[in-house]
Amino acid sequence: ALRLSGLDPAGIFPGKVAAIAAELLALEVVLLVGVVVLYNADRATTPWPGWTAQRRLSGAVALADWAQGREPAPGSLAALRTHRPHRLVAAAGIASPQRFFSMLREAGLAFEPRPLADHDDWRQPPALREGEYLLVTEKDAVKIDPTTPLAQRTWVAPLDFALPPAL
């Protein structure tokens, strides 16, 4: 979208063109050229036509490995399901932590959900009890110092973003 407002046409256009441009700018003309709306949800959330993309878990990887750029191994979520006697705590400081928690449940994981405020700074990370491991999104993982004791008990669950076949 190109919004034409807040400009001084006299400084951009000569003579009569500046006067015409000033009138157009006063109308706050919005030109939509080649707009593609890609919704990061199950359905459109505005009246604009577009496509929906799919977000899904790509697995889980230890924070230290993730910090070194390693991808989750195939079957890593299944390994977390059988990681007993340890308990999982899932924490998410994202706009909709319940979406993340729903994906984890759909993957068959049992965990204690701990929603955090969107953009939580992690200065006060969730406290873990003996035998608990933390599972977080990548958005939250970047806020955890990989050299701390918490990091040694933290797994990262990256989300893949799949575009629709039409795109």
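Here is a short tour of some salt bridges and one buried threonine, with what to select at each stop.

Before you start clicking, note that this is a predicted model, where local features need pLDDT of at least 70, side-chain atom pairs count only at pLDDT 80 or more, and totals for chains, interfaces and linings use all residues. Residues are numbered from 1 along each chain as its sequence is written, and side-chain values use heavy atoms, with hydrogens and water left out.

**Stop 1: Glu-132 and Arg-87**

The structure holds eight salt bridges; the term means a side-chain nitrogen of Lys or Arg within 4 Å of a carboxyl oxygen of Asp or Glu. Select Glu-132 and Arg-87 to see one of them, at 4.0 Å from N to O. Glu-132 sits in strand β9 (residues 132-136) and Arg-87 in strand β7 (residues 87-92), so this pair ties together parts that are 45 residues apart in sequence. Strands here are DSSP runs of E, at least two residues, numbered from the N terminus. Now turn on the surface: Glu-132 is buried, at 2% relative accessibility, while Arg-87 is partly exposed at 41%. (Buried is under 20% relative accessible area, exposed is over 50%, and partly exposed is in between, using a 1.4 Å probe and protein chains only.)

**Stop 2: Glu-112 and Arg-129**

Next, pick Glu-112 and Arg-129, whose side chains form a salt bridge at 3.2 Å, N to O. You'll find Glu-112 in strand β8 (residues 112-115) and Arg-129 in the loop between β8 and β9, 17 residues apart. Glu-112 is partly exposed at 30% relative accessibility, and Arg-129 is partly exposed too, at 47%.

**Stop 3: Arg-123 and Asp-121**

Now go to Arg-123 and Asp-121, which meet in a salt bridge at 3.5 Å, N to O. Arg-123 counts as exposed, at 68%, and Asp-121 as partly exposed, at 43%. Then select Arg-87, Glu-112, Arg-114, Arg-129 and Glu-132 together: salt bridges that share partners join these residues into one network.

**Stop 4: Thr-154**

Last, jump to Thr-154 in strand β10 (residues 154-156). Is Thr-154 buried or exposed? Thr-154 is buried, with a relative accessible area of 2%. Show its side chain and look for the backbone oxygen of Leu-150, 2.7 Å from a polar atom of that side chain. To see what else surrounds Thr-154, leave aside its neighbours within four places in sequence and select Ala-62, Leu-63, Leu-134, Val-136 and Ile-144, which are in contact with Thr-154; contact means heavy atoms within 4.5 Å.

Definitions and conventions
Helices (H or I, at least four residues) and strands (E, at least two) are DSSP runs, numbered from the N terminus. A polar contact is a pair of N or O atoms within 3.5 Å; within protein, one must be able to donate a hydrogen and the other to accept it, and residues adjacent in sequence count only if both atoms are side-chain atoms.
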